[in-house]
Each structure stands twice: as structure tokens, then as C-alpha cells.
Amino acid sequence: GAHVRVGGGDALLAAAAPYASAAELAAGAAPSPWGGRLGAAFNLEVLPNRNSVQYRELYGLGEDTAPLFRGTLRYRGWAASMRTLGALGLLDATRPVPDDARGRGWAELLRGMGVTRDAARAVAGDEDGSRAFDALRALVGPGEGAAVTAAPGASMRDATCALLASRLGYLPGERDMVLMEHTVDAAFPGGSAGDRAGEEERRERIVSTLAVTGGGEQGAATAMARTVGLTAALGVRLLLPGGGGREALGGGVHLPTADAVYSAVLPLLEVEGVRFDEEATAMPCTGTLPDNEDAVGDASGSVARG
């Protein structure tokens, strides 16, 4: 099939699509082709994430497997808000921060740039513009807001990133959440001989969902720390003497897609509470999916302040 190429920056944000529920997909009433069980539980959107086509070879899929999509999950409206901030000049890497703005409140800087609710609505429409401006004001804080911190020669993008970093750090008691979901539409042809003798053609939609929360208590690991740290630690354990990995893998560097890696690590992650829940649903044996194809979707994201 044809490759769909999406540019970076504004074009990438414009490609965000609602992450539908599994019921919407099954009924043919989904607002986009992508979705799963997480679409019913959370108000999410999905953006393209780098090169999806490379996963055909990495996962051992056929050359004709299509569509194949890898995305990043965000709360719905995130991409439109970021596009609005960009249109207002807050993400401009070539626009320097005014010298007299350093150390002063962000509210004064925004006034000097002409960043108002009306300006946001003018570039993004009433709903998206107002939502983006409200989010920006919440980040800036009450009154004149947080002080502008930027090194000499810093751009507006640098200053905005510094604001986000200072305001979005986790506070005591806050929780985070990591979400991931794989959706596979698979066709299983029937047959009249061999292992498939007597079997009828069937199709299934297989949805595999991960939802991990963390933090919330003093000293509790965040979901991001658990999913990344535990996985890396178990990979190291696999290679230690007695871990079984050296014998199974031999020397060199190996990807986690090697059977000897994931078959050993995934059960141990499950013991730690990091596990996927899988659900298969029968699909009608109609449409354009060839008997030897799978349609694969993959979406993941870390969601702050759960």
C-alpha cells in the first residue's frame, strides 16, 4: 500500500486524530481509524510516532501487512493547544526572548507579545483558542505569574520549555500513568487439507492493553520509572551469571524483540504488576483485508497527573 508521510512541527500536530473506542470501531462509527479499549475509558487522541513501516521487519510481519501505524497518545485537545502556542510565537526557536523580559513575570511578556485570549481565538478558533489560552494562564500562574527564566540569547521556545519544566514537575502525592495499546486485525484462512482441514475462515480483532499507575505515596515509584526501570533491570538480570540470557543469546547486542529476551522478561514484569490484558473479538469475514495480511496498530503514551 501507499506510504503516508507526515511532516514535523505543525503538520505533525495537525495529524492528531481522536482515539476511538473499540465499540465505535466495531460499529463503523469511529471518528478515526485508530482506537481500542482505552478510547472508551479516556478522552484521548493519537499522533503519528516516527517511522511505522520499519516494524514490519522488526516484528516479522509480511511485506503486505497494511495498514501499519504507531502512534503516541495524549489527552484530546493537546495537539490543538500546542499548535496554538506555536502560532502565537511561544515555540519559535528563532525568536529571542526580549532582554528586558528576564526576571519579570510571564504575564508581562505575554502582553508585550500580544498574546491574549482574542489572539488565541483568532489563530485557532473559539474552542481551541480559549482552551489553549486557559492552559497557558494556568501555567503562568496568578497575577504577573512565574518569572521568565532564560539564558542570554535564549529563544522563546527555550523560555516556554523552562516554564513547562518548572510548573509541571510532580508534587508530593501526585500520581502518573502510562498507557499502551496494541490492536491487531488478523485473518485466519480456512483450508481443505493439512493442519487447516475442516477449518473455516475467520477474522479477529485482538486488543492488548497496558495501564500502569504510580506515585501517590511518599517514596513510591512513578509509573514511568517502573515500566522503564524494571524492564531495564530485568534485562540486566537476564545477562548476569545464572540468568540464562548469555546461554540463549550468545554474544553481541540483541534487541528486546528476540524471543529469548521477551519470553523471559515479560513473565517477571507481570509479577511486578506490569502486564497487558488481551481481548479478542470475532470480526465479519468481509472487507479488503487479504487472507495473508494483518492490520496492526500500536499506540502508547505517558499521561501526567492522573
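**Figure 1. Arginine 50 sits in the loop between strand 4 (44–48) and helix 4 (55–58).** This close-up, like the others here, comes from a predicted model. Most residues other than glycine have a negative phi. Arginine 50 has a positive phi of about 55°, although it is not a glycine. Is arginine 50 buried or exposed? With a relative accessibility of 76%, arginine 50 counts as exposed.

**Figure 2. A step back to the whole protein chain, with its 12 helices and nine strands.** Before zooming in again, take a moment to look around. The protein chain has 306 residues, and 32% of them count as buried. Now think about contacts between residues that are at least 6 apart in sequence: 71% of these join residues at least 24 apart.

**Figure 3. Helix 8 covers residues 126–140.** How many residues does helix 8 have? There are 15, and the distance from the first C-alpha to the last is 21 Å, close to the 21 Å expected at 1.5 Å a residue. Look for the buried residues of this helix: Gly129, Ser130, Ala132, Phe133, Leu136, Leu139 and Val140. What do the buried residues of helix 8 pack against? Their partners are helix 5 (78–87), helix 6 (106–113), helix 7 (117–124) and helix 9 (156–167). Follow the chain just past helix 8 and you meet glycine 141, which has a positive phi of about 100°.

**Figure 4. Arginine 137 is one of the residues of helix 8.** Arginine 137 has a relative accessible area of 27%, so it is partly exposed. Setting aside residues up to four places away in sequence, arginine 137 touches Ala107, Pro142 and Gly143. You can also find threonine 116, which is 21 residues from arginine 137 along the chain; the C-alpha atoms of the two are separated by 9.9 Å.

**Figure 5. Helix 8 packs with helix 9.** Two packed helices are described by the angle between their axes and the distance between the axes. For helix 8 and helix 9, the angle is about 70° and the axes are 9 Å apart. Helix 8 is therefore roughly perpendicular to helix 9. Their crossing is left-handed. Helix 8 brings Ala138, Leu139 and Val140 to the contact, while helix 9 brings Leu163, Leu164 and Arg167. Sorted by class, this contact of helix 8 with helix 9 has five nonpolar residues, one charged residue and no polar ones.

**Figure 6. Serine 155 lies in the loop between helix 8 and helix 9.** Why does serine 155 count as buried? Its relative accessible area is 6%, and buried means under 20%. Which residues does serine 155 contact, leaving aside its neighbours within four places in sequence? They are Asp92, Ala93, Arg95, Pro96 and Val97. Threonine 94 is 61 residues from serine 155 along the chain, yet their C-alpha atoms are separated by 6.1 Å.

**Figure 7. Helix 10 (residues 223–239) packs with helix 12 (residues 259–271).** Their axes lie 10 Å apart, at an angle of about 125°. The two helices are therefore oblique to each other. Helix 10 passes helix 12 in a right-handed crossing. On the helix 10 side, the contact is made by Leu230, Thr231, Leu234, Gly235, Arg237 and Leu238. Helix 12 answers with Ala260, Val261, Ala264, Val265, Leu268 and Leu269. By class, the contact of helix 10 with helix 12 has nine nonpolar, two polar and one charged residues.

Conventions: Residues numbered from 1 in each chain as written. Predicted model: local features only at pLDDT ≥ 70, side-chain atom pairs only at ≥ 80, totals over all residues. Heavy atoms only, no water. Axes fitted to C-alpha atoms, helices over the stretch in contact; angles between N-to-C directions. Helix = DSSP H or I, 4+ residues; strand = E, 2+ residues; numbered from the N terminus. Parallel < 35°, antiparallel > 145°, perpendicular 65-115°, else oblique. Left-handed = near helix turned anticlockwise from the far one by under 90°. Contact = heavy atoms within 4.5 Å. Nonpolar A, V, L, I, M, F, W, Y, C, P; charged D, E, K, R; others polar. Expected span 1.5 Å × (residues − 1). Buried < 20%, exposed > 50% of the residue type's maximum accessible area, 1.4 Å probe, protein only.
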